[in-house]
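Welcome, and thank you for taking a look at this structure. Please keep the sequence and the 3D view side by side while you read.

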Amino acid sequence: MSDADCLKVPFSRPSLGKEEEQAVLDVMRSGWLTTGKITLAFEKEFSAALSYPVQADMRAAYGMDTRPVISMAVNSNTSGMILAMDACGVTNGTAVITTPYTFASTAMCARHLGAEVYFADTEKNSYSIDPSAVEKILEKDTAKKIKAIVPVHVGGNICDMQALCRIAKKYGVRIIEDAAHAFPSPTKLGYAGAIGDIGVFSFYVTKTITTGEGGMVCTRDSELAEHMTVMRMHGMDRTTWDRYTSPRASWEYDIIAPGYKFNLPDILSAIGREQLKKADTFYEKRKRIVEAYNEAFRGSDYLMLPPTGEGDAYHLYLIRIVPEKLTIDRNEFAKTLQKNGIGISVHFIPLFHFSYWKKRYPDFTAENYPNAERHYATTITLPLWPDMSDEMIHMVINAIKQTGAVNHV
């Protein structure tokens, strides 16, 4: 029995039904398991999900593309981020700007391509990258090494994209949105992940919709899309589906670039298509849980509620403790919840805590990124998944309140 099975309330659990089972069976029985017509359909359906009326005049004011969204399925958000950075010219001798408050892959993708990473602190009152800190870095970039800003929509709470797009236009750099947590997230400028030049989503098992492993890269720029499509599959000028289903001989193809193996197979896309149909229902269920948490914790002097804003996807519930009001720190608070059967996590450990980044950049320290460090030291991520029962929600709430009451100053 796993630790998750022993928990009264697991931290996360995917919402899968008979529809996903049947879709997988259909693919298995079709005889075509790898990337093919099911993945192509998933891409078109995801593009349609991101294409809703937006304020075109506002997008134009920020120099944003107003063309339809093009989606490319990939085997992970990490793969998609590498494709996106590569398409934006991120390579040896260049750099990107991102936040230290993210998962390891966001910044590591730039290093895989030989580029350097500049880090901008988070905002004081949110987990989002601080646009003013981003601009200070760009002001010093006289050599024009920086090719892209990579904002991360932590927990599904959307970064200040208006400010970031204005800055990107001013300095002539691209925006690659790490939208791993941000679906669905409609805003006035479009869906998160379809606001900047490229957006990268995750369909990992804990995400708002899942394929088990997988992701999607989205852009409105046809040239960027063409580049990423070629690089996604070994740099070939033909897809596997085309090679084996068109009248043209399957062995006739060219390698036109040093590409990767980043495609998503049909057997996973089949799950994704069914999940996509349920995305709005999942969203409403998560929103209901967030509202229950907010109502229960509002007014507690030892807790700070998560930041909220336009387009919030309600993917994670990041609650912060107020250390001055408690006799225990975040770690002890979290361990107490776990002992009471509540599955919790912490999003994220800032990258400056990890050995690789410490060695790479000596000035990359907690002291130089005080907002990110403060958020990390006080944050606990609570269970938030669509099929949580009312009983589970109340268990989480009661465990938080009990822990707070016993350890209140």
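A salt bridge is a side-chain nitrogen of Lys or Arg within 4 Å of a carboxyl oxygen of Asp or Glu. The structure holds 14 salt bridges. The model is a predicted one, where local features need pLDDT of at least 70 and side-chain atom pairs count only at pLDDT 80 or more, while totals for chains, interfaces and linings use all residues. Residues are numbered from 1 along each chain as its sequence is written, and side-chain values use heavy atoms, with hydrogens and water left out.

**Salt bridges**

Here are three of the pairs, with the N to O distance for each.

| Residue 1 | Residue 2 | Distance, N to O |
|---|---|---|
| glutamate 43 | arginine 232 | 2.8 Å |
| lysine 170 | glutamate 135 | 2.9 Å |
| aspartate 221 | arginine 174 | 3.9 Å |

To place these residues, it helps to know that helices (H or I, at least four residues) and strands (E, at least two) are DSSP runs, numbered from the N terminus. Buried means under 20% relative accessible area, exposed over 50%, and partly exposed in between, using a 1.4 Å probe and protein chains only.

Aspartate 221 sits in the loop between strand 9 and helix 9 and arginine 174 in strand 5, so their salt bridge ties together parts 47 residues apart in sequence. Aspartate 221 is buried because its relative accessible area is 16%, whereas arginine 174, at 29%, is partly exposed. Elsewhere, Glu19, Glu20 and Lys278 are joined into one network by salt bridges that share partners.

Which residue of the second pair is buried, with a relative accessible area of 19%? That is glutamate 135. Its partner lysine 170 has a relative accessible area of 58%, so lysine 170 is exposed. This pair links distant parts of the chain, with lysine 170 in helix 8 and glutamate 135 in helix 7, 35 residues apart. In the remaining pair of the table, both glutamate 43 and arginine 232 are buried.

**The sheet of 7 strands**

Two strands pair if DSSP finds at least two bridges between them. An open sheet is formed by 7 strands in the order 1-9-8-5-4-2-3, and its pairing is mixed. Strand 1 (70-74) and strand 3 (116-119) are the edge strands, each pairing on one side only. From one strand to the next, the twist averages 25°.

Strand 8 (residues 198-202) and strand 9 (residues 215-219) run antiparallel and are joined by 5 bridges. Within this pairing, isoleucine 198 has threonine 219 in strand 9 as its bridge partner. Helix 7 (residues 131-139) packs on the sheet and touches strand 2 (95-98), strand 3 and strand 4 (146-150); its direction makes about 175° with that of strand 4. Contact here means heavy atoms within 4.5 Å, and angles run from 0 to 180 degrees between N-to-C directions, with axes being lines fitted to C-alpha atoms, for helices over the stretch in contact. Helix 9 (residues 222-232) lies across strand 1, strand 5 (174-178), strand 8 and strand 9, at about 20° to strand 1.

Strand 2 pairs with strand 3 in the parallel sense over 4 bridges, and valine 96 stands opposite valine 117 in strand 3. In a regular strand, side chains alternate between the two faces of the sheet. Ala95 and Ile97 point one way from strand 2, Val96 and Thr98 point the other way, and all are buried.

The loop between strand 8 and strand 9 holds glycine 214. Is glycine 214 buried or exposed? With a relative accessible area of 2%, glycine 214 is buried. Not counting residues up to four places away in sequence, glycine 214 touches several residues, including Val74, Ser202 and Leu264.

**The sheet of 3 strands**

A further open sheet has 3 strands in the order 10-11-12, with antiparallel pairing. Its edge strands are strand 10 (303-304) and strand 12 (379-382), each pairing on one side only. Strand 11 (residues 317-321) and strand 12 pair over 4 bridges, and leucine 318 stands opposite threonine 381 in strand 12. Helix 12 packs on this sheet, touching strand 10, strand 11 and strand 12, and its direction makes about 15° with that of strand 11.

Helix 12 (residues 279-297) also holds alanine 296, which counts as buried because its relative accessibility is 16%. Alanine 296 and isoleucine 397 are 101 residues apart in sequence and 6.9 Å apart in space, C-alpha to C-alpha.
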